[in-house]
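Let's walk through this structure together, one region at a time. Keep the sequence and the 3D view at hand as you read.

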Amino acid sequence: MTLGKETGGVSGKGISGVDWNDWKWQFRNRIRSMRQLASIQQRPVASLAPCGPVLRTYPIAITPYYMSLLDPADENDPLRRQCFPDPRELTFSMGGVPDPLAEERDMPVPGLIHRYPDRCLAIVTGTCAVYCRHCNRKRMWRADNPGRTRERLQAMVDHVVRTPALREVIVSGGDPLLISEPLLDWFLGALRAIPHVEVLRIGSRAPVALPMRITPELCAMLKRHRPLWFNTQFNHAREITEESARACEMLLEAGIPVGNLLSVSMRSGPGNGPFPGGDMDRHGDHGATLAEHLRALPAPLRSGLPRRPGKDPPPAFLPPARNGTGR
Ligand code: SF4
């Protein structure tokens, strides 16, 4: 299997440019198995046996597009490290805790995290275009039950309706752009119709992992629900391509501000580009890496994290408090 774009927008062997630029084709043709991974790396499947246990717990999914950006033969490639399985995943991420941010504790209805008084986060699906090995919601990757999605979303809307303190809803996942477009349209419309909801925000890595998903039709639909903000997750300069830049531009042209949440840290090394030969810190120990960065934040920023006094323990990802307040 050969993947990779060639000039003129025509993609790798046997793949038409039309297919390559079709997000549904990209989604259908994601790399999902060890056999495919071995074939891409031109090595025997048996050589990937150490990854078997991690794949049984945390599956892989890599779009052909994202695969075309990385070097499958270089185990230090910072893009490869974001999506290729690593046996250390089972033990490293926050000591193997499946819910490192203790999100399940703050779900008044399934899938809706309501931790802070005025904001909540709706997990509308467990599906993503690319499964990031650093994800802290890996526990949800197998949890999708499409038949009940509308029912679950309605329960979330009902909770927001009966909670006037909520002024912001983050629509996230998984990737919310991977549920059906009419369903997402309905959900955003139902939230937008709630008088006390001022801010709607979408969290999606589609511009990075599946930029073809940002279609004119999608932008026209999202535009109807403004004011709407869009957060994505570029972690490395090599993820900024003509396609991903265009996807962000299309959102911006629709009047939707785009922000970036850097989820894993890169450090410089020999190589090229703005993050030369970038590398993820302590691959696999993603939670600890994030904690290190949060510890480095100036105290006023750390203490600015909203908490419900007397109810919330210190955020799990912050260092132990010296004075018992979590600040
Ligand atoms: S896109 Fe987001 S939710 Fe999906 S695997 Fe990556 S970090 Fe996790």
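**From the ligand to the core**

By class, four nonpolar, two polar and three charged residues form the shell around the ligand. Cys128, Tyr131, Cys132 and Cys135 are among the residues of this shell, and so are Arg137, Asp175 and Arg205. Gly173 and Gly174 complete the set around the ligand. Please bear in mind that what you are looking at is a predicted model.

Now take a step back to the protein as a whole. You can trace 14 helices and eight strands in it. Of its 327 residues, 33% are buried. If you consider contacts between residues at least 6 apart in sequence, 73% of them join residues at least 24 apart.

Next, let's turn to the interior. In soluble globular proteins, nonpolar side chains tend to be buried together. Here, the largest nonpolar core has 56 residues, and Ala122, Val130 and Val169 have the most contacts inside it. Both domain 1 (7-94) and domain 2 (95-303) supply this core, with at least three residues from each.

Ala122 is a good place to pause. Setting aside neighbours within four places in sequence, you will find Ala122 in contact with Gly111, Leu112 and Met156, as well as with Val169, Ile170, Val171 and Ser172.

Finally, have a look at Met67, which sits in helix α5 (residues 64-69). Is Met67 buried or exposed? Met67 counts as buried because 24 other C-beta atoms lie within 10 Å, and the cut-off for a buried residue is 20 or more. Phe84 lies 17 residues from Met67 in sequence, and their C-alpha atoms are 9.9 Å apart in space.

Note on methods. Residues numbered from 1 in each chain as written. Predicted model: local features only at pLDDT ≥ 70, side-chain atom pairs only at ≥ 80, totals over all residues. Near = placed C-beta within 6 Å. Nonpolar A, V, L, I, M, F, W, Y, C, P; charged D, E, K, R; others polar. Core = buried A, V, L, I, M, F, W, Y, C linked by C-beta atoms within 7 Å. Buried ≥ 20, exposed ≤ 12 C-beta atoms within 10 Å, placed from the backbone. Domains from an automatic or database assignment. Contact = placed C-beta atoms within 7 Å. Helix = DSSP H or I, 4+ residues; strand = E, 2+ residues; numbered from the N terminus.
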